[in-house]
Amino acid sequence: MQNNFWNYLLETFELIENMNNDNQDLLSQVSSRLETIDLLYERNFDPVDSYQEFVAVKLIKAISQALKKHQQS
């Protein structure tokens, strides 16, 4: 499962890096991708056993929520 997680993060990084859309659409796409990561992996990592993955998911969730707030304002 950890390899799938890191592979998905790598794919997300590559997609974000290669996006060439207008700014608002770009934020929406990034937000959706991050939200998907949060939904897929939110409860899969225990901080004791998989600390790096746990922290990455928490960071992704925080960024996703910040982007949502920014889009709503």
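A cavity, as the word is used here, is a set of grid points inside the protein where a 1.4 Å probe fits but cannot get out. With that in hand, welcome to this predicted model, in which a search of the whole structure turns up one cavity of 30 Å³ or more. The protein has three helices and zero strands, and its elements follow the pattern α-α-α along the sequence. Below is a short tour, from the overall fold to the helices, two buried residues and the cavity itself.

**Overall fold**

- Taken along the principal axes, the C-alpha atoms fill a box of roughly 40 × 25 × 15 Å.
- The protein has 73 residues, of which 29% count as buried.
- If we take contacts between residues at least 6 apart in sequence, 65% of them join residues at least 24 apart.

**Helix α1**

- Helix α1 covers residues 2-17, and its 16 residues should span 22 Å at 1.5 Å a residue; the end C-alpha atoms are 23 Å apart, which agrees.
- Phe5, Tyr8, Leu9 and Thr12 are the buried residues of α1. They cover an arc of only 100° around the axis, which puts them on the same side of α1.
- Turn α1 around and you meet the exposed residues Asn3 and Glu17, on the face turned away from the buried side.
- A handy reminder when viewing such a pattern: an α-helix has 3.6 residues a turn, so residues three or four places apart point the same way.

**Helix α3**

- The 22 residues of α3 should span 32 Å at 1.5 Å a residue, and the end C-alpha atoms are indeed 32 Å apart, which agrees.
- The buried residues here are Glu53, Ala56, Val57, Ile60, Ser64 and Leu67. Seen down the axis of α3, they fall within an arc of 95°, so they line one face of the helix.
- On the other side of α3, the exposed residues are Tyr51, Leu59, Lys69 and Gln72.

**Two buried residues to look at**

- Ile60 lies in helix α3 and is buried, with a relative accessible area of 8%.
- Leaving out residues up to four places away in sequence, Ile60 touches Leu9, Leu34, Ile37 and Asp38.
- Ile60 and Leu34 are 26 residues apart along the chain, yet their C-alpha atoms are separated by 6.1 Å.
- Ser50 sits in the loop between α2 and α3. Ser50 counts as buried because its relative accessible area is 9%, and buried means under 20%.
- Apart from neighbours within four places in sequence, Ser50 is in contact with Gln2 and Phe45.

**The cavity**

- Rolling a probe the size of a water molecule over the atoms shows where empty space is left.
- The largest cavity has a volume of about 60 Å³.
- Its lining is made up of Asp38, Tyr41, Glu42, Phe45, Phe54, Val57, Lys58 and Lys61.
- By class, the lining residues divide into four nonpolar, no polar and four charged.
- Helices α2 (23-41) and α3 (51-72) each supply at least two residues of this lining, and the largest share, four residues, comes from α3.
- Two names in the lining also appear earlier in the tour: Val57 lines the cavity and is one of the buried residues of α3, while Phe45 lines the cavity and is in contact with Ser50.
- Asp38 is likewise among the lining residues, and Asp38 is one of the residues that Ile60 touches.

Technical notes
Residues are numbered from 1 along each chain as its sequence is written. This is a predicted model: local features need pLDDT of at least 70, side-chain atom pairs count only at pLDDT 80 or more; totals for chains, interfaces and linings use all residues. Side-chain values use heavy atoms; hydrogens and water are left out. On a 1 Å grid over the protein atoms alone, a cavity is a set of points where a 1.4 Å probe fits but cannot get out, and a pocket is an open set with protein on both sides within 12 Å along at least five of seven lines; lining residues have an atom within 4 Å of a point. Grid points are joined across faces, edges and corners, and a volume is the space filled by probe spheres set on the points. Ala, Val, Leu, Ile, Met, Phe, Trp, Tyr, Cys and Pro count as nonpolar, Asp, Glu, Lys and Arg as charged, and the others, Gly among them, as polar. The expected span of a helix is 1.5 Å times one less than its number of residues. Buried means under 20% relative accessible area, exposed over 50%, partly exposed in between (1.4 Å probe, protein chains only). The arc is that of the directions from the helix axis to the C-beta atoms. Contact means heavy atoms within 4.5 Å.
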